[in-house]
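The following exercises concern the predicted model shown below. Each task is followed by a solution that proceeds in steps.

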Amino acid sequence: MKKTFLCSLLVSHLLVLVTSLAPAVFAQGFVHPGLLNNEADFERMRTKVDQGAEPWASAYKKLTSDWTGRQTNWTPHPSTKVIRGGAGENFGTFANDVAVAYGSALRWKVSGDIAYADNAVKILNAWAGKLEGIGGDPNFQLVAINGYQFANAAEIMRSYPKWAPADFAKFQKMMKNVFYPMCSDFLKRHMGRGYSFMWANWDVLSMNCMYAVGVLCDDHQLTQEALDFFYNGAGQGNIHRWVNYLHPGYLGQTQEAGRDQGHNTLEIALLAPFCEMAWHQGVDLYGYDNNRVLAGAEYVAKYNLMEEVPFTFYATEEGYPSAATNTAISSSDRGCKRPGWEMLYNHYVNRKGLAAPYCAAFAAKLRPTGYFGQDQPGFDTLTHSLDPIGKGANPSGLSATVTAQQPVLSWWGSAYATSYNIKRMTGSSDKLTTIASGLSVNTYTDTDVVPGTTYRYIVTATLRDGSETGASNVAIAIVGIVLEAQWKFDETRGTVASDASGKHRQISLSGNASWNLGKFGNAVKFSSESKQFASLPAGIVSELSDFTIAAWVYLESDTEMTRIFDFGSGTERYMFLSPNVGGKVTFAITRSGYRGEQKIIGNSPLPTKQWVHVAISLSGATGALYVNGEKVAENTAVEFSPLLLGPTTQNYIGKSQFDRDPYFNGKVDDFRIYRGPLTAAEVKALATSEV
């Protein structure tokens with residue numbers, strides 16, 4: 001049994017790693033039609049409407065009664081330039097034409113009535129032959145939201161025999177020449193502002209337009225550019241910035257949650273279509289990074305269903321002055337109704353068998369959906385409703401984060417579960433013990449733990465008939481103190497320092513940093529003038545929630561803003577310890593740049609010309625800073641941990657994430673990283689040890 005369990009454990013961790021870190025493999029050719037819907041979707045709509053099945057029949061009536069879906073002789077109003085913001089604004093006329101083109105295309109695909117097809121083609125051709133550019137004040141970028149809808153209308157109509165190939169090619173050229181450059185330039189430069197100046201919806205609408213044009217024009221370069229931004233982009237449309245904080249139970253705090261709910265729900269109305277368009281091309285953005293999109297959607301839905309959600313301080317490096325920092329979720333426009341929920345609900349529940357209770361409730365609240373205005377195409381009850389899957393998936397995505405030395409479990413539930421059960425193995429035992437049952441939420445804190453013990457957990461679901469699903473993946477929690485890494489710096493030559501903890505990690509020295517007499521044996525010596533520093537392995541602290549980092553340092557000078565260490569991935573996500581920030585030894589950690597730093601600050605800088613022991617420890621939300629074994633500062637409201645920084649790629653001793661900050665000038669010895677928080681007595685023992 002032990003061998004089987006360990007094998008399944010390794011497989012489950014490998015699957016989680018692949019799902020979380022690896023972008024999807026892209027299809028070689030494009031599927032057409034293949035944006036918001038493919039041909040199988042249209043066949044389902046036709047069949048269900050003909051059968052009078054619900055909710056499709058009621059949803060189709062919404063389309064046929066709406067002004068955008070009942071036009072057969074619409075007069076388009078094309079212009080050479082669409083202007084949004086400022087003198088001559090005319091984007092509303094363009095948006096109306098786009099809405100009718102989409103509604104007519106959809107009506108044709110369901111009913112087969114070519115009068116609607118001809119109407120859609122007339123609008124598409126009118127603009128293809130005239131539009132040359134987009135203009136106005138900075139809000140002109142928002143026209144991209146109508147651009148992606150226009151591409152969707154054309155994608156539906158590309159199979160219409162009466163749309164002349166030459167006219168279709170002209171439309172493709174117009175979309176690629178007018179909309180793609182605008183979106184690409186914005187995502188690269190953000191109008192010359194910092195990436196965080198604009199809100200997330202600006203990025204996502206540009207990504208939507210770029211991706212839709214790429215599929216329409218069979219251009220993988222465009223779709224790849226949009227996908228790359230979703231995964232790694234320098235902007236708020238990057239999925240890790242859009243969902244910037246994961247609360248227990250996978251409630252994902254979203255980037256505009258502190259702004260207002262009108263814009264926060266707009267992100268749902270944009271991101272759901274982006275995921276759906278990619279899905280039809282064989283790319284699973286919905287499931288990326290353990291369903292991170294669902295985490296954000298459940299958070300937004302829950303709050304806008306008038307239930308309370310947690311909120312963590314959020315800041316941007318730049319932005320509108322009144323919105324640069326958010327200390328609480330905004331209730332403005334709470335309950336705002338926008339589409340997108342049907343896509344999310346039907347994908348996660350009826351395609352994948354996962355529980356998405358808040359998305360499901362919001363979709364039911366709006367069903368059947370109609371036209372929602374110029375910002376989104378709407379009618380997603382008709383276009384995206386699926387038959388119930390019948391059987392839910394096993395609970396999945398189980399994780400265990402040790403916080404305040406208690407494992408906090410989170411998982412994704414099963415679509416038809418009535419409750420959940422937690423089972424645990426202790427140490428090397430193979431015996432599963434049920435420690436909780438009848439849970440109605442997808443998070444649990446295990447308070448019955450013993451320090452120095454490794455725990456393994458699984459979750460199962462109980463169904464309506466009383467039966468039990470299969471088990472989730474296995475999650476491991478190590479409670480207690482573990483020495484993760486230790487660099488003694490006792491080398492005498494070369495540019496590599498070896499890890500003495502037994503984990504064989506190495507540090508590389510840069511700028512001709514040298515070996516010198518240390519507190520114990522040798523130490524590494526850095527010169528600020530020569531810009532010397534050491535680089536630690538990527539992800540060195542990415543698995544740590546509770547932690548301790550300790551080192552001996554010898555300062556030649558107390559220059560402000562130098563770093564003893566700085567672990568991060570640039571100037572947005574990092575944590576550092578500095579001997580002197582504004583005349584005080586300081587630890588800071590942030591996920592949103594310097595404005596979002598949470599700090600632990602001592603009363604004075606570290607002394608110079610002597611060996612000093614310094615340590616930083618975090619247990620739950622309580623962080624403590626020690627100098628020579630004495631606690632000099634504490635903060636009981638630290639909401640971030642290294643785990644929440646993600647897999648940091650720039651981990652330095654002696655160097656800052658900010659290039660303009662000075663380098664460390666002095667020596668470092670016996671640098672240690674612990675999983676778990678050392679007690680005050682344990683830190684004192686380190687500081688007074690002579691070994």
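**Exercise 1.** Identify the largest nonpolar core and the residues with the most contacts inside it.

*Solution.* The largest nonpolar core comprises 116 residues. The residues with the most contacts inside this core are Phe 150, Met 157, Phe 171, Phe 179, Phe 230, Trp 341 and Leu 344. Next, consider the origin of its members: helix H8 (residues 200–216) supplies the largest share, twelve residues. A second, separate core has 47 residues, among them Ala 534, Ile 549, Val 638 and Ile 653.

**Exercise 2.** Determine how many disulfides the whole structure contains, and explain the result for Cys 217 and Cys 336.

*Solution.* A search of the whole structure returns zero disulfides. A disulfide requires two cysteine sulfur atoms within 2.5 Å. For Cys 217, the closest cysteine sulfur belongs to Cys 209 and lies 10 Å away, which is too far for a bond. Cys 217 also counts as buried, because its relative accessibility is 15%. For Cys 336, the closest cysteine sulfur is that of Cys 359, at 15 Å, and this is likewise too far for a bond.

**Exercise 3.** Describe the crossing of helices H4 and H5 and the residues of their contact.

*Solution.* Begin with the geometry: the axes of H4 (residues 91–111) and H5 (residues 114–128) come within 8 Å and cross at roughly 150°. The crossing is left-handed. Then examine the contact, to which H4 contributes residues including Phe 94, Val 100 and Trp 108, and H5 residues including Ile 114, Ile 123 and Trp 127. Finally, classify the contact residues: eleven are nonpolar, three polar and two charged.

Note on methods. Residues numbered from 1 in each chain as written. Predicted model: local features only at pLDDT ≥ 70, side-chain atom pairs only at ≥ 80, totals over all residues. Heavy atoms only, no water. Core = buried A, V, L, I, M, F, W, Y, C linked by side-chain atoms within 4.5 Å. Buried < 20%, exposed > 50% of the residue type's maximum accessible area, 1.4 Å probe, protein only. Helix = DSSP H or I, 4+ residues; strand = E, 2+ residues; numbered from the N terminus. Axes fitted to C-alpha atoms, helices over the stretch in contact; angles between N-to-C directions. Left-handed = near helix turned anticlockwise from the far one by under 90°. Contact = heavy atoms within 4.5 Å. Nonpolar A, V, L, I, M, F, W, Y, C, P; charged D, E, K, R; others polar.
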